[in-house]
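Here are a few exercises to work through with the model open beside you. Try each one before reading its solution.

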Amino acid sequence: MELNNQPQPEVYSDKILDKTEGEGVEFVKQQHQIQIEDPDSWQNEESNHNFILASADALINWSRSSSVWPVNAGLACCAFEMISTASSRFDISRFGMEIFRPSPRQADLLIVNGTLTWKMAPQLKRIYEQMAEPKYVIAMGSCAISGGLFRNSYAVVPGVNKIIPVDVYIPGCPPRPEALLYGIQMLHKKIKKQRNFEKRKSA
Amino acid sequence: MTVELQATEVAAKLEAAFPGCTIESSGNTIVIKDEFALKAATFLKNAAGLDFNYLNFLTATDYQTYFEVIYDLVSLEHNHKLVLKIKLNNREKPELASVTGVWKGADFQEREIFDLFGINFTGHPNLKRIFLWEGFQGYPLRKDFKQ
């Protein structure tokens, strides 16, 4: 047939395709004769540059104070102020502490919010003892500080510092979320002054 | 609204059933002697026309020389109410018959009174502390309680 005898266009010929492929391979082979250096080979050199001079305390305290995780425990009406501090209007996550841990073993901070009765005291003490070091306690509201209104009651602990050591006291009945946030900032300042290579006074 | 019954009329019915049981009756309140407590409670619950089948609450008062146990009774059938008070004579060792057999809801509240006032309810199925812990000394709602 006539059609079969017609010569095919050059573009489609195997010869041309093979030729362009071969040119490409030759080009890459010529360009890449020398070994490429490991960009991270500077790590093998002696570290005589690229380091920061700082005290270990400052670094440790900075990282600790920037991620204080509170334990999820509420005793009385002050707990509602703590809840609203955690939600979006006041937003405790600005301080890296939005994660309220349901387990005391994963938490750093115990916010004692509200009236502590003698019947509840053993449970609160157990929560504190289950927390891993370093651990901090905030006494929130006048009931937690001193027993408050119920100080003379037969059933109420007059101040939570009779049971566990307290780092920051926040007065109010109940304290507003701004007050709790201010107390938390005070705790951050306190953590930043901590000395980590001396023994902390145990409770 | 719930009708408050005239105590004098109910007291007359009680007197007819148990002579000499009432001490005082005025307004919506009847005060009766402690030995008639269980009988009067059963009577008020079952008597036709009274039918106090619901116990609103149960509490106690310390009048320094004697205790009073107060029952707030309601009839859901007739929609009327009455306050029944029982005067306890023995302050040193206060004792009263339990009404848990008449109104089952009295169970926890009698335990509360036992815990905070130290009033012993005889015939209660499970009379033990409900608020305070074992080993607590004294009865905190008594007037002479000192910490």
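A residue is buried if 20 or more other C-beta atoms lie within 10 Å of its own, exposed if 12 or fewer, and partly exposed in between, with C-beta atoms placed from the backbone. The model is predicted, with local features needing pLDDT of at least 70 and side-chain atom pairs pLDDT 80 or more, while totals for chains, interfaces and linings use all residues. Residues are numbered from 1 along each chain as its sequence is written, and chains are lettered from A and ligands numbered from 1 in the order in which they are written.

**Exercise 1.** Work out what share of chain B is buried, then look at its dimensions.

*Solution.* Start with burial: 28% of the 147 residues in chain B are buried. Next, the box: along the principal axes, the C-alpha atoms of chain B fill roughly 45 × 30 × 25 Å. Finally, take the radius of gyration over C-alpha atoms, with a globule rule of 2.2 Å times the number of residues to the power 0.38. A compact globule of 147 residues would come out near 15 Å, and chain B has 15 Å, so the two agree.

**Exercise 2.** Put chain A through the radius-of-gyration check.

*Solution.* For 203 residues, the compact-globule value is near 17 Å, but chain A has 33 Å. Its C-alpha box, again along the principal axes, is roughly 115 × 55 × 30 Å. As for burial, 25% of the 203 residues in chain A are buried.

**Exercise 3.** List the secondary structure elements of each chain in order.

*Solution.* Helices (H or I, at least four residues) and strands (E, at least two) are DSSP runs, numbered from the N terminus. Chain A has 7 helices and 3 strands, in the order α-α-α-α-β-α-β-α-β-α. Chain B has 3 helices and 8 strands, running β-α-β-β-α-β-β-β-β-α-β.

**Exercise 4.** How do the axes of helices H3 and H7 of chain A cross, and which residues meet there?

*Solution.* First, fit axes to C-alpha atoms over the stretch in contact, with angles from 0 to 180 degrees between N-to-C directions. The axes of H3(A) (residues 56-65) and H7(A) (residues 177-192) come within 8 Å and cross at roughly 160°. That makes H3(A) roughly antiparallel to H7(A) (angles over 145 degrees count as such). Then find the contacts, meaning C-beta atoms, placed from the backbone, within 7 Å: Asn61(A), Arg64(A) and Ser65(A) in H3(A) meet His188(A), Ile191(A) and Lys192(A) in H7(A). Sorted by type, the contact residues are 1 nonpolar, 3 polar and 2 charged (Ala, Val, Leu, Ile, Met, Phe, Trp, Tyr, Cys and Pro count as nonpolar, Asp, Glu, Lys and Arg as charged, the others, Gly among them, as polar).

How values were computed. Angles under 35 degrees count as roughly parallel, over 145 as roughly antiparallel, 65 to 115 as roughly perpendicular and the rest as oblique. Two residues are in contact if their C-beta atoms, placed from the backbone, lie within 7 Å.
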